[in-house]
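Colleague: Got a minute to go through this model with me? I'd like to start with the overall fold and then poke at a few residues.

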Amino acid sequence: MDKKKSVLILIWLPVILLAFLNLLTVFTPEIGFDALWYHLTLPKLWLQKRQWFYEGGLLYYSVMPRLAETIFIPLVKYTGFVGPKLVQYLSGIGVGLLIWKITTKLKFTKLQKSVSVSLFYCTWLVSWQSGSAYVDLFRTFLETTALYFLLSKSWLKGGLFLGLAIGTKWLALGSLGIYAIVFGLPLVFPALVLTLPWLYVSFINTGNPIY
């Protein structure tokens, strides 16, 4: 075995091991505060009452955009906490695949592409999020997908995925601003079109579109 192959094995081995260990955590009970307080609670409330709650107070996430929580509704019904956690896990894997595709577009070498994927996936934050019912890895997947399409000269698809990211978490508005500066203002329109329903829901319940 030559030196180059040995180096690649050393890079990919921890990624593969972590992917396996992270999968195991999907099936362990949820202990994350945010997941227990609202990411899982909001879908449960909808299943019980067939309506969204916008109570404010201690349920301080109640008027945030809820794309991920909406996806969680059928998953919570049929799989409990496992389905939402699996969404996060698959999002982490998906970001790794997208990093590979993006770095391929940028003409990185195989070694550079491998290091890029490893640097992302082997962080403790990815492992923690992969076994949780949070929404941050899902948002990261949507933003990375947007970046891939924008690098492919498709501002419409890039804008749409940014809109989905904003519908997951308001912090993606900052990403929209950065992407617009780098790739051009046209992508703002499709992103905001997908964001408008969430802005409206927040406004009619709080008087603040980004409460």
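Modeller: Sure, one term up front: buried means under 20% relative accessible area, exposed means over 50%, and partly exposed is in between, with a 1.4 Å probe and protein chains only. This is a predicted model, so local features need pLDDT of at least 70, side-chain atom pairs count only at pLDDT 80 or more, and totals for chains, interfaces and linings use all residues. Residues are numbered from 1 along each chain as its sequence is written, and side-chain values use heavy atoms, with hydrogens and water left out.

Colleague: With those cut-offs, is Tyr211 buried or exposed, or in between?

Modeller: Tyr211 counts as partly exposed because its relative accessibility is 39%. Tyr211 lies in the segment after α11 (188–206). Its C-alpha is 9.1 Å from that of Tyr61, and the two are 150 residues apart along the chain.

Colleague: Back to the fold. How many helices and strands does the protein chain have?

Modeller: There are 11 helices and 0 strands. Helices are DSSP runs of H or I with at least four residues, strands are E runs of at least two, and both are numbered from the N terminus.

Colleague: What about the radius of gyration?

Modeller: The protein chain has 19 Å, which agrees with the value near 17 Å for a compact globule of 211 residues. That radius is taken over C-alpha atoms, and the globule rule is 2.2 Å times the number of residues to the power 0.38. Along the principal axes, the C-alpha atoms fill a box of roughly 65 × 45 × 25 Å.

Colleague: And how much of the chain is buried?

Modeller: Buried residues make up 45% of the 211. As for contacts, meaning heavy atoms within 4.5 Å, look at those with a separation of 6 or more: residues 24 or more positions apart account for 68% of them.

Colleague: How many positive and negative side chains are there?

Modeller: The chain has 18 positive and 7 negative ones, and the centres of the two sets lie 12 Å apart. Lys and Arg count as positive and Asp and Glu as negative, while His and the chain ends are not counted. Each charge is placed at NZ of Lys, CZ of Arg, CG of Asp or CD of Glu.

Colleague: Let's zoom in on α6. Which of its residues are buried?

Modeller: Lys113, Ser114, Ser116, Val117, Ser118, Phe120 and Tyr121 are buried there. Their cover includes α1 (3–25), α5 (82–105), α7 (124–130) and α8 (136–151). Helix α6 itself covers residues 110–121, and its 12 residues reach 17 Å from first C-alpha to last, close to the 16 Å expected. That expected span is 1.5 Å times one less than the number of residues.

Colleague: You mentioned α1. What is Leu23 in contact with?

Modeller: Leaving aside neighbours within four places in sequence, Leu23 is in contact with Leu86 and Tyr89. Leu23 sits in helix α1 and is partly exposed at 30% relative accessibility. Its C-alpha is 9.4 Å from that of Lys85, 62 residues apart in sequence.

Colleague: And Lys101, where is that?

Modeller: Lys101 is in helix α5, partly exposed at 40% relative accessibility. The C-alpha atoms of Lys101 and Tyr148 are separated by 7.7 Å, with their positions 47 residues apart along the chain.

Colleague: Last thing, backbone angles. What is the phi of Lys153?

Modeller: Lys153 has a positive phi of about 70°, although it is not a glycine. Lys153 is in the loop between α8 and α9 (155–166), and is exposed with a relative accessible area of 73%. Arg50, not a glycine either, has a positive phi of about 55°. Arg50 is in the loop between α3 (41–49) and α4 (67–79).
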